[in-house]
Amino acid sequence: MEVIVQKIKIGLLAFLVSGGILVANAATTTAQLPTMNAATLKTYDGKNGHKAYVALNGYVYDVSNVSAWKGGKHYKGMVAGTDLTSHIDESPHGPNVVKQLKLNPVAIYK
Ligand code: HEM
């Protein structure tokens, strides 16, 4: 009997801990992100000390620390503060570049 009670306790503890991990993970998903519109995005142009943000496939990414985006400028006339979704197919790297750079979205682009 004692053993069964012990097992139930361990099971309950494991359940609570896994639930906690799920909640902690949920907090870092995109569901909690703020939204950003085109007018606000435009201010993150990477110039004059502004951060450099770009929109891609419905999300906004901070590229301030990406050297290829220094000063808010990139290849082929791409600039920060804009939505790049319609141009990403012109790039040699494609949309996966955000994953490769381990960039997390900072906002949902609306
Ligand atoms: C979230 C958006 C983007 C990110 C984070 C990103 C990031 C990067 C990075 C890290 C590189 C490599 C830089 C280097 O090797 O010096 C690169 C190269 C490049 N990207 Fe992007 N990029 C983005 C969007 C775009 C878009 C929309 C275009 C559209 C034309 C583009 C065109 C290029 C080109 C032409 C290169 C140069 C490749 C080469 O000649 O080596 N990128 N990008």
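Tutor: Let's begin with a term: two residues are in contact if their C-beta atoms, placed from the backbone, lie within 7 Å. Keep in mind that the structure above is a predicted model.

Student: Among contacts between residues at least 6 apart in sequence, what share joins residues at least 24 apart?

Tutor: Start with the contacts in the chain between residues at least 6 apart in sequence. From that set, pick the ones joining residues at least 24 apart. Their share is 64%.

Student: In what order do the elements run from the N terminus on?

Tutor: The chain has 3 helices and 4 strands to place. Read from the N terminus on, the elements run α-β-α-β-β-α-β.

Student: Where in the chain is confidence lowest?

Tutor: The chain as a whole has a mean pLDDT of 84, with 73% of its residues at 70 or more. By element, β2 has the highest mean, 99, while the lowest mean, 44, belongs to residues 2-27. Over residues 10-23 the pLDDT is below 50, and beyond near neighbours in sequence this stretch has 0 contacts in the model. The element with the lowest confidence is helix α1.

Student: How should I read coordinates where pLDDT is low?

Tutor: Take some care here. Where pLDDT is low, the predicted coordinates should not be read in detail.

Student: Which strands are the edges of the sheet?

Tutor: The 4 strands form an open sheet with mixed pairing, in the order β1-β4-β3-β2. An edge strand here pairs on one side only. That picks out β1 and β2.

Student: Which residue in β4 is the bridge partner of Val60?

Tutor: Val60 is in β3, where it stands opposite Ala55. β3 pairs with β2 in the antiparallel sense over 4 bridges, and with β4 in the antiparallel sense over 3 bridges. In β4, the bridge partner of Val60 is Ala107.

Student: Is Asn57 exposed, partly exposed or buried?

Tutor: Asn57 sits in the loop between β2 and β3, a hairpin with 2 residues between the strands, and takes a positive phi near 50°. Exposed needs 12 or fewer other C-beta atoms within 10 Å, and buried needs 20 or more. Asn57 has 13, so it counts as partly exposed.

Student: Lys102 also has a positive phi; is Lys102 buried or exposed?

Tutor: Lys102 has a phi of about 55° although it is not a glycine, and it is found in the loop between α3 and β4. Because Lys102 has 6 C-beta neighbours inside 10 Å, it counts as exposed.

Student: How far is Asn37 from Ile108, C-alpha to C-alpha?

Tutor: Asn37 is in the loop between β1 and α2, and with 11 C-beta neighbours inside 10 Å it counts as exposed. Along the chain, Asn37 and Ile108 are 71 residues apart. In space, their C-alpha atoms are separated by 8.6 Å.

Student: How many nonpolar residues are in the shell around the ligand?

Tutor: There are 20 residues around the ligand, and Ala68, Tyr75, Lys76, Leu84 and Ser91 come nearest. The elements giving two or more residues to this shell are β2 and α3. By class, 2 residues are charged and 4 polar, while the nonpolar ones number 14.

Terms used
Residues are numbered from 1 along each chain as its sequence is written. This is a predicted model: local features need pLDDT of at least 70, side-chain atom pairs count only at pLDDT 80 or more; totals for chains, interfaces and linings use all residues. A residue is near a molecule or strand if its C-beta atom, placed from the backbone, lies within 6 Å of it. Ala, Val, Leu, Ile, Met, Phe, Trp, Tyr, Cys and Pro count as nonpolar, Asp, Glu, Lys and Arg as charged, and the others, Gly among them, as polar. pLDDT is the predictor's confidence in each residue, from 0 to 100. Two strands pair if DSSP finds at least two bridges between them.
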